[in-house]
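The exercises that follow are meant to be worked with the sequence and the coordinates side by side. Each one sets a task and then gives a solution in steps.

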Amino acid sequence: MQSVAQLAGRAWSVTGATMIAAALLLPACAQAQAQNGLSNLFGGIFSGSNPAPSQAQPGPGGAQPWSGEDGASGHPLMTAAAIREAAGNFDNCVAAMWPDAARRGISQENFQRFTAGLSPDLRIMDLMDSQPEFTKSIWDYLDILVNDNRLAKGREILAKYKAQFDATEKATGVDRTIIASIWGIESNYSTQMGDRSVLQSTATLACIGRRQAYFKDEFLSALEILNRGDLRPEQLRGSWAGAFGPTQFMPTAFKRFAVDGDGDGRRDVVDNPADLIASTANNLKKDGWQPGQTWGYEVVVPQGFNYMLADRAKAMPIAQWEKLGLKRPNNQPFPHPAEKAYLLAPAGAQGPGFLMLQNYRVIMKYNPAEAYALAIGHFADRLRGGQPFVQPWPRQERELSRTERLELQQLLAQRGFYKGTPDGQFGGQTREALRNFQASIGVPADGFASSDVLDRLRGR
């Protein structure tokens, strides 16, 4: 759903989904909050323990306190001194947004009512700048999110709300299993949506830290939602970055995509299944969903394949990929050989490959993490009765720690392959540098950051 929501991940509270992608497959710029909101989704599962906080300052309601330390990003607005100074001016900052709120049609009465008593939640500063030392692999990620219990619940949801799914699928052309998949992976079917006040979180981020302009828009949009009466303040609870509801809408995304699915005059994407289903589908439709098409296919990549072709920018007709030796497991045919696809090899030459179609790109607009989009597509296939992936993952491999990822980038830079600033976060530039290094030493240029590649860079 669109945006920092491109900074980090959509926010889940327990099983979160974005921090993993941070070190795994998500570009660094998309980590603060991946479009609708998976920001905490992976915060607890995929990150290691943080150091004990120093100079702790209690959070609202006795929540975990702010560490009192400089942010890991090094941004001048994320220093402890800058955070304290901005926090001291919080009330004035919020009050100064009244003219902008008035221009959006928010009444002065509602502005005062909804902002009364707001205080900054400084713990968010630690979450915004967290850089987990350890992450989970993509296969562990899929094991956690695509499991039998969640699939069973998904089938129950599809049956329980069949009428709503029927109406939405007819109106939008968006496959019901994709909507059910997003619902299940984002919030475990409304059981894990986060419990922070969206107003408090977005107000905090609008006045403190390094993304104030972005979050000012989110805060004012949240006020618009309340002013219009679509949701009540107690319903606007979610992630530290402001994502809310079972499918994790950011306030600005809600404004663009939320629809009244049952004609009651409100767009309640939190507690009304008809609105939730219709709004999530509308989001995907407006992002370019292709009705009647799948998201992609698992493929067997032949030995000796040129993995320099495994690039999102190198899409070609499936028939051309077939000529290069790519096949579906068990030699299943491709239904539409003329469709354009690109090759994704998330575990390199040691793992399965995937040909990704337009609908996969649409899912990535919802959350720009390749691992997330793969989980959504696979979960939907399983809900339709599909089987697990056929090819094994290289489970013997371990994920590199952040320290090792930083070292790998530094060594690539020393050899002239990496031109960016080493930060321990892997995006397209790092993978391209890694592939070029692999090609230079005569191994498959798959861009997979294994411990063996790191050892080769070390000269071992």
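In this predicted model, Cys93 is buried, with a relative accessible area of 18%, a value that falls under the 20% cut-off for burial.

**Exercise 1. Characterise the disulfide that involves Cys93, and state which parts of the chain it ties together.**

Step 1. The sulfur atoms of Cys93 and Cys207 lie 2.1 Å apart and form a disulfide, and the count of disulfides in the model comes to one.

Step 2. Cys93 belongs to helix H3 (residues 90-95) and Cys207 to helix H11 (residues 198-207), so the link ties together parts that are 114 residues apart in sequence.

Step 3. The torsion about the S-S bond is -90°, which makes the link of Cys93 and Cys207 left-handed.

Step 4. Cys207, like Cys93 before it, is to be checked for burial: with a relative accessible area of 6%, Cys207 is buried.

**Exercise 2. Set the salt bridge of Asp126 and Arg123 beside that of Asp195 and Arg237, and say where the partners of each lie.**

Step 1. The side chains of Asp126 and Arg123 meet in a salt bridge at 3.4 Å, N to O. These two residues are three apart in helix H6 (residues 123-128), which means that about one helical turn separates them. In general, an α-helix has 3.6 residues a turn, so residues three or four places apart point the same way. Both Asp126 and Arg123 are buried.

Step 2. The side chains of Asp195 and Arg237 also meet in a salt bridge, here at 3.0 Å, N to O. This pair links distant parts of the chain, since Asp195 sits in the loop between helix H10 (176-187) and strand S1 (196-197), whereas Arg237 sits in strand S2 (residues 237-238), 42 residues apart.

Step 3. Asp195 is exposed, at a relative accessible area of 59%, while Arg237, at 32%, is partly exposed.

Step 4. The count of salt bridges in the model comes to 26, among them the one between Asp381 and Arg384, whose closest N and O atoms are 2.3 Å apart. Arg384 has a relative accessibility of 42% and therefore counts as partly exposed. Salt bridges that share partners also join Arg104, Asp217, Glu224 and Lys255 into one network.

**Exercise 3. Determine which strands pair with S6, and whether its faces are buried or exposed.**

Step 1. Strand S3 (residues 296-299) pairs with S6 in the antiparallel sense over four bridges, and Gly296 stands opposite Met356.

Step 2. Strand S5 (residues 340-344) pairs with S6, likewise in the antiparallel sense, over three bridges, with Leu344 opposite Phe354.

Step 3. In a regular strand the side chains alternate between the two faces of the sheet. In S6 (residues 353-356), Gly353 and Leu355 are on one side and Phe354 and Met356 on the other; all four are buried, and both faces are thus covered.

**Exercise 4. Test the length of helix H18 against the expected span, and locate its buried residues.**

Step 1. At 1.5 Å a residue, the 13 residues of H18 (residues 402-414) should span 18 Å, and the end C-alpha atoms are indeed 18 Å apart, which agrees.

Step 2. The buried residues of H18 are Glu404, Arg405, Leu408, Gln409, Leu411 and Leu412. They cover an arc of only 165° around the axis, and therefore lie on the same side of H18.

Step 3. Just after H18, Gly416 takes a positive phi of about 85°.

Key. Residues are numbered from 1 along each chain as its sequence is written. This is a predicted model: local features need pLDDT of at least 70, side-chain atom pairs count only at pLDDT 80 or more; totals for chains, interfaces and linings use all residues. Side-chain values use heavy atoms; hydrogens and water are left out. Buried means under 20% relative accessible area, exposed over 50%, partly exposed in between (1.4 Å probe, protein chains only). Two strands pair if DSSP finds at least two bridges between them. The expected span of a helix is 1.5 Å times one less than its number of residues. The arc is that of the directions from the helix axis to the C-beta atoms. A salt bridge is a side-chain nitrogen of Lys or Arg within 4 Å of a carboxyl oxygen of Asp or Glu. A disulfide is a pair of cysteine sulfur atoms within 2.5 Å.
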